[in-house]
Amino acid sequence: MALSLSLISPIAVNSDDRIYETKNICGRYYAVEISSVDAASLLGLKDSGRVSSRVEQYCNFFR
């Protein structure tokens with residue numbers, strides 16, 4: 001039981017950090033501090049097609 005708790009705890013911390021980082025990137029994108037191409041790169045989205053719409057779809061999930 002203790003082993004499973006020690007394995008789950010780091011995953012939760014990493015997940016929280018990733019969510020915070022994603023919200024920060026999306027906030028900077030919506031505040032026009034970074035371009036859609038830069039946001040896509042930071043979010044790990046592939047540069048194909050309409051980058052800005054992909055970034056907006058991704059960021060809308062975290063609103």
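The link between Cys26 and Cys59 is left-handed, with an angle of -80° about the S-S bond. Cys26 lies in helix 1 and Cys59 in helix 3, so the pair ties together parts that are 33 residues apart in sequence. In this predicted model, the sulfur atoms of Cys26 and Cys59 are 2.0 Å apart, and the two residues form a disulfide. The count for the structure comes to 1 disulfide. Both ends of the link can be classed by their accessibility. Cys26 counts as buried because its relative accessibility is 5%, which falls under the cut-off of 20%. Cys59, at 2% relative accessibility, counts as buried by the same cut-off.

The two cysteines also belong to the largest nonpolar core, which has 11 residues. Besides Cys26 and Cys59, this core includes Ile25, Tyr29, Ile34, Ala39 and Ala40. Leu43, Leu45, Val51 and Val55 are members as well. Helix 1, helix 2 and helix 3 are the elements that give two or more residues to this core. One of the core residues, Ala39, touches Ile25, Tyr29, Ile34 and Val55, when residues up to four places away in sequence are not counted.

Helix 3 spans residues 51-61, and its buried residues are Val51, Val55 and Cys59. These three cover an arc of only 60° around the axis, and therefore they lie on the same side of helix 3. The face of helix 3 turned away from this buried side carries Gln57 and Phe61, which are exposed. Cys59, the helix 3 partner in the disulfide, is thus placed among the buried residues of that helix.

A further feature concerns the backbone at Val32. This residue lies in the loop between helix 1 (2-30) and helix 2 (36-43). Most residues other than glycine have a negative phi. Val32 is not a glycine, yet its phi is positive, at about 60°. The side of the classification on which Val32 falls is also clear: Val32 is exposed because its relative accessible area is 69%, over the cut-off of 50%.

Confidence in the prediction varies along the chain. The mean pLDDT of the chain is 78, and 75% of its residues reach 70 or more. Among the elements, helix 2 has the highest mean pLDDT, at 89, whereas helix 1 has the lowest, at 72. The disulfide involves helix 1 through Cys26, and the loop that holds Val32 follows from helix 1 to helix 2.

Definitions and conventions:
Residues are numbered from 1 along each chain as its sequence is written. This is a predicted model: local features need pLDDT of at least 70, side-chain atom pairs count only at pLDDT 80 or more; totals for chains, interfaces and linings use all residues. Side-chain values use heavy atoms; hydrogens and water are left out. Helices (H or I, at least four residues) and strands (E, at least two) are DSSP runs, numbered from the N terminus. Buried means under 20% relative accessible area, exposed over 50%, partly exposed in between (1.4 Å probe, protein chains only). The arc is that of the directions from the helix axis to the C-beta atoms. A nonpolar core is a set of buried Ala, Val, Leu, Ile, Met, Phe, Trp, Tyr and Cys residues joined through side-chain atoms within 4.5 Å. Contact means heavy atoms within 4.5 Å. A disulfide is a pair of cysteine sulfur atoms within 2.5 Å. pLDDT is the predictor's confidence in each residue, from 0 to 100.
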